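Got your viewer open? Let's take a walk through this model, one selection at a time.

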Amino acid sequence: MAFESSLRIKYKSILGSRQTMSESSQINRRAFLGKSAAVIAGGVVLPHTALSYGNIVGANDRISLGHIGIGSRGDDLDLIASKLKSSHHAEMTAVCDLWKVNREKGMATNTGYYGRAPRAVQYLEELLAMKDVDGVLISTPEHSHSPILKMAVEAGKDVYVEKPMGNVLSEVRAARDAVLNSKSIVQVGTQHRSEPYPQAAQKIARSGALGDVSKVEVVWNYHGPRWRGRPQVKQIREQDTDWGKWLMTKPARPFDPQMYFEFRLYKEFSSGIPDQWISHGIDLVHWFMDDNFPKSVVSHGGVFAWHDGRENADTFQTLMEYPKGFLVSYSTSFGNDAPSFTRYMGKKATLINHGGEGSPRYQLVEEKGTHEDDADIDKKRESKYVMLPGQTELPPLGIDDLSLEHMGNWLECMRSRQQPHATVHAGFAHSVACMMAAQSYWSGKKVYWDAANEMIVDSAPASSMG
Ligand SMILES: NC(=O)c1ccc[n+]([C@@H]2O[C@H](COP(=O)([O-])OP(=O)(O)OC[C@H]3O[C@@H](n4cnc5c(N)ncnc54)[C@H](O)[C@@H]3O)[C@@H](O)[C@H]2O)c1
């Protein structure tokens, strides 16, 4: 539904009549506004490739869901799923968490949502063995996403898996291959692909309205010791969980409640800024630019703002070159909250996303003249915000992580057996970009993507040499 409505997108000019324009600039303005509006009016329907037709949930059947990992994001996903229970005829019938406290919380919350208690199990193998469970939500920490995704599709389940899809290349590849060898419908949790404003902006980026794009800049900031200070660190007791199972593929070590809940700060489990934020940011860039794997990546950064024992950087910058011929610059600071933005910089126009991750406020700005010739050129550039039909107010500069469309799209695809908006191909690609960013940071070297062998390598592969 959201996808359809985005095809009817229209623009609102913010210029009004306050500018005096020469006749030629009026013509240019009309041409500029008209061209991109026509592109939108024409619309495009992205092809869906049905990979499988098995396992079809009947139109009237209730979709039975199971949920693995019900922590902070798990609460969000339970709320989102509950809001779709009538429209999409779905119910959370089983919950699984290693930690007793979150397992019991998941059971109580879902009992409240559905009026009856889901089954509650500690181990995911028990949930995956439940024959009546059609689809599984995975919101464990990122080091276990790919291994659990693989197990879930091998158990015949459809899956909604949180981002990043994974952070160990061999594991992400194995999970992707398992999905492609299955009939499962898998949605990766980069939810902005299903939201109406990014969908509208993506169509502009793909329309040619920007001209040749040579640079994309993403700057997402926050002021604070992000990912430190989880209250559960003081609450959890080793006997109430299974630390060995939490570690999943990692070597054994003594129980560490900070690692358990503040995993984003420890490099063996998460790359931090890449896994958490670049996964969202680069997924949008891949989708807007229709270019999916960086050719090469170089990163830098460090712990400059919060000396609290964290291993992962709190200040991080990466540069990624893409095969179509553009550079992506991604930058995050946790020591200063200067305004966040994303800019797609083309020879005809700049597409600006004001705000940080998920912001629905997009603006298209004409590219003409230079600051060198005219210090006031910014005022003379035509611009317009991307607006949805019927919308009169500008959308906010940010949104929460609770939009319903992405989960709704997955549930719809579970019935139709069409591919959802964020496939494993998209998940694999954002994971590769994040792993390259992290590998370059830790090695201090530029890294390259060997597309033929799907490997991250330390010199340009022969196939990529011009
Ligand atoms: N899409 C988004 O906008 C968004 C937002 C926030 C978080 N996330 C993602 O969600 C993931 C989870 O983050 P969080 O903050 O909820 O973590 P969390 O630590 O609060 O919750 C994880 C839960 O998983 C459980 N768990 C871990 N391993 C398990 C296993 N093998 N079997 C069963 N249960 C297991 C833990 O006991 C815990 O309750 C992260 O990877 C993050 O990237 C996505």
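Before you click anything, one term: a residue is called buried when its relative accessible area is under 20%. Keep in mind, too, that this is a predicted model.

**Stop one: a covered strand.** Select residues 213-219, which make up strand S8. Five of its seven residues are buried, so by that cut-off the strand is mostly covered. Now add residues 341-346, strand S14: S8 pairs with S14 in the antiparallel sense, over six bridges. Look at Val-213 and you'll find Gly-346 of S14 standing opposite. Next, add strand S12, residues 326-333, which runs parallel to S8 and is joined to it by five bridges. Here, pick Val-219 and its bridge partner in S12, Ser-331.

**Stop two: the ligand.** Click the ligand and show what surrounds it. How many residues surround the ligand? There are 31, and the closest are Arg-73, Asp-97, Asn-102, Glu-142 and Arg-230. Sort the shell by class and you get 11 nonpolar, 11 polar and nine charged residues. Try colouring helices H3 (72-83), H10 (243-247), H11 (257-261) and H12 (273-289): each of them supplies at least two residues of that shell.

Time to zoom in on a few contacts. A polar side-chain atom of Asp-97 sits 2.6 Å from an oxygen atom of the ligand. For Ser-72, look at the backbone instead: one of its N or O atoms is 3.0 Å from a ligand oxygen. Arg-264 has a side-chain N or O atom 3.0 Å from an oxygen atom of the ligand. Overall, the protein covers 96% of the 870 Å² of accessible area that the ligand has on its own.

**Stop three: backbone oddities.** Most residues other than glycine have a negative phi, and most peptide bonds are trans. Select Lys-163 and Pro-164: a cis peptide bond joins them, with omega at about -10 degrees. Pro-164 is in the loop between strand S6 (158-161) and helix H7 (169-180).

Then jump to Met-248, in the loop between H10 and H11. Met-248 has a positive phi of about 60 degrees, though it isn't a glycine. Is Met-248 buried or exposed? Neither: its relative accessible area is 29%, so Met-248 counts as partly exposed.

**Last stop: two cysteines.** Select Cys-413 and Cys-434. Cys-413 is buried, at 4% relative accessibility, and Cys-434 is buried at 0%. Searching the whole structure for disulfides turns up zero.

Terms used:
Residues numbered from 1 in each chain as written. Predicted model: local features only at pLDDT ≥ 70, side-chain atom pairs only at ≥ 80, totals over all residues. Heavy atoms only, no water. Buried < 20%, exposed > 50% of the residue type's maximum accessible area, 1.4 Å probe, protein only. Helix = DSSP H or I, 4+ residues; strand = E, 2+ residues; numbered from the N terminus. Pairing = 2+ DSSP bridges. Disulfide = S-S within 2.5 Å. Near = heavy atom within 4 Å. Polar contact = N/O pair within 3.5 Å; in protein donor to acceptor, adjacent residues only side chain to side chain. Areas by Shrake-Rupley, 256 points an atom, 1.4 Å probe, with all protein chains shown as cover. Nonpolar A, V, L, I, M, F, W, Y, C, P; charged D, E, K, R; others polar.
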